Amino acid sequence: QAQLVVSGGGSVQPGGSLRLSCAASGYNYGTYCMAWFRQAPGKEREGVTGIFSGGGDTYYAASVKGRFAISLDNARNTLYLQMNSLKPEDTAMYYCAAKPSSLYDCSVSWSRMRLPDWGQGTQVTVSS
């Protein structure tokens, strides 16, 4: 059974950095689109960044481009999100998601992935 376990959140001051990890199990065959999402209180869940497992193509929301970096360690089946220059508006619960996908589908729909169960997520709080 496929499972995603997120870790690495915490509290940090504006301008600080955090790295999130998402350990994936059960994703062993074919190519996948993997992504980070976040949801702040009172707001809808939004796609932050995505990556295609087959070639490493990456996609970013405009709000995080240049500050966040997504990466995938296929050997460890672990997805990472390096967050730099954090801002108070980055405060949210962060989730990871994955689905079997082609490169094209990932490129056009990474931010619209929906999961039946988003899991526990990890809280990121940016505050002075």
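# Two sheets and two pockets

Q: Which residue of S9 is the bridge partner of Arg38?
A: Keep in mind that you're looking at a predicted model. S4 covers residues 32-39, and 8 bridges join S4 to S9. Look across from Arg38 into S9, and the bridge partner you find there is Tyr94.

Q: Do S4 and S9 run parallel or antiparallel?
A: Met34 has a bridge partner in S9 too, namely Ala98. For Arg38, the partner in S9 is Tyr94. So as the numbers go up from Met34 to Arg38, the partners' numbers go down from Ala98 to Tyr94, and the 8 bridges join two strands that run antiparallel.

Q: Which residue in S5 is the bridge partner of Met34?
A: Met34 already has Ala98 as its bridge partner in S9. S4 is also joined to strand S5, residues 46-52, by 6 bridges, and these two strands run antiparallel. In S5, the partner of Met34 is Ile51.

Q: Which residue takes a positive phi in the hairpin of S4 and S5?
A: The chain goes from S4 to S5 through a hairpin with 6 residues between the strands. One residue in that hairpin has a positive phi near 80 degrees. That residue is Gly42.

Q: How many residues of S4 are buried?
A: In the order S2-S10-S9-S4-S5-S6, S4 sits with S9 on one side and S5 on the other. The cut-off for buried is under 20% relative accessible area. S4 is mostly covered, and out of its 8 residues the number that count as buried is 7.

Q: Which strands stand at the edges of the open sheet of 6 strands?
A: The order in this sheet is S2-S10-S9-S4-S5-S6, and the pairing is mixed. An edge strand here has a single partner strand, so one side is left without a neighbour in the sheet. Neighbouring strands are turned by 20 degrees against each other on average, ignoring direction. The edge strands are S2 (10-12) and S6 (58-60).

Q: Which residue in S10 stands opposite Tyr94?
A: Besides being the bridge partner of Arg38, Tyr94 looks towards S10 as well. S9 and strand S10, residues 122-126, are joined by 3 bridges and run antiparallel. Opposite Tyr94 in S10 stands Thr122.

Q: Is Tyr95 buried or exposed?
A: Tyr95 is in strand S9. Among the residues it touches are Trp36, Phe37, Arg45 and Trp118. Its relative accessibility is 10%, and the cut-off is under 20%, so Tyr95 counts as buried.

Q: How far apart in space are Tyr95 and Gly121, C-alpha to C-alpha?
A: Along the sequence, these two are 26 residues apart. Still, Gly121 is one of the residues that Tyr95 touches. From C-alpha to C-alpha, the distance is 4.6 Å.

Q: Which strands stand at the edges of the open sheet of 4 strands?
A: This sheet has the order S1-S3-S8-S7 with antiparallel pairing. Each edge strand has a single partner strand, so one of its sides lacks a neighbour in the sheet. Neighbouring strands are turned by 15 degrees against each other on average, direction ignored. The edge strands are S1 and S7 (68-73).

Q: Which residue in S3 is the bridge partner of Leu4?
A: S1 and strand S3, residues 18-25, are joined by 5 bridges and run antiparallel. Within that pairing, the S3 partner of Leu4 is Ala24.

Q: Which strand gives the most residues to the lining of the largest pocket?
A: The largest pocket has a volume of about 260 Å³. Of its 14 lining residues, the closest to the centre are Ala2, Gln3, Leu4, Tyr27 and Asp117. Two elements, S1 and S9, give two or more residues to the lining. With 4 residues, the strand that gives the most is S1.

Q: How many charged residues line the second largest pocket?
A: This pocket has a volume of about 150 Å³. Its lining includes Ala24, Tyr27 and Met34. By class, 5 lining residues are nonpolar and 6 are polar, and the number of charged ones is none.

Q: Is Arg67 buried or exposed?
A: Arg67 is in the loop between S6 and S7. It touches Gln82, Met83, Leu86 and Asp90, among others. Its relative accessibility is 11%, so Arg67 counts as buried.

Conventions: Residues numbered from 1 in each chain as written. Predicted model: local features only at pLDDT ≥ 70, side-chain atom pairs only at ≥ 80, totals over all residues. Heavy atoms only, no water. 1 Å grid on protein atoms, 1.4 Å probe; cavity = no way out; pocket = protein on both sides within 12 Å on 5 of 7 lines; lining within 4 Å. Points joined across faces, edges and corners; volume = space filled by probe spheres on them. Nonpolar A, V, L, I, M, F, W, Y, C, P; charged D, E, K, R; others polar. Buried < 20%, exposed > 50% of the residue type's maximum accessible area, 1.4 Å probe, protein only. Pairing = 2+ DSSP bridges. Axes fitted to C-alpha atoms, helices over the stretch in contact; angles between N-to-C directions. Contact = heavy atoms within 4.5 Å. Lists of a residue's contacts leave out its neighbours within four places in sequence.
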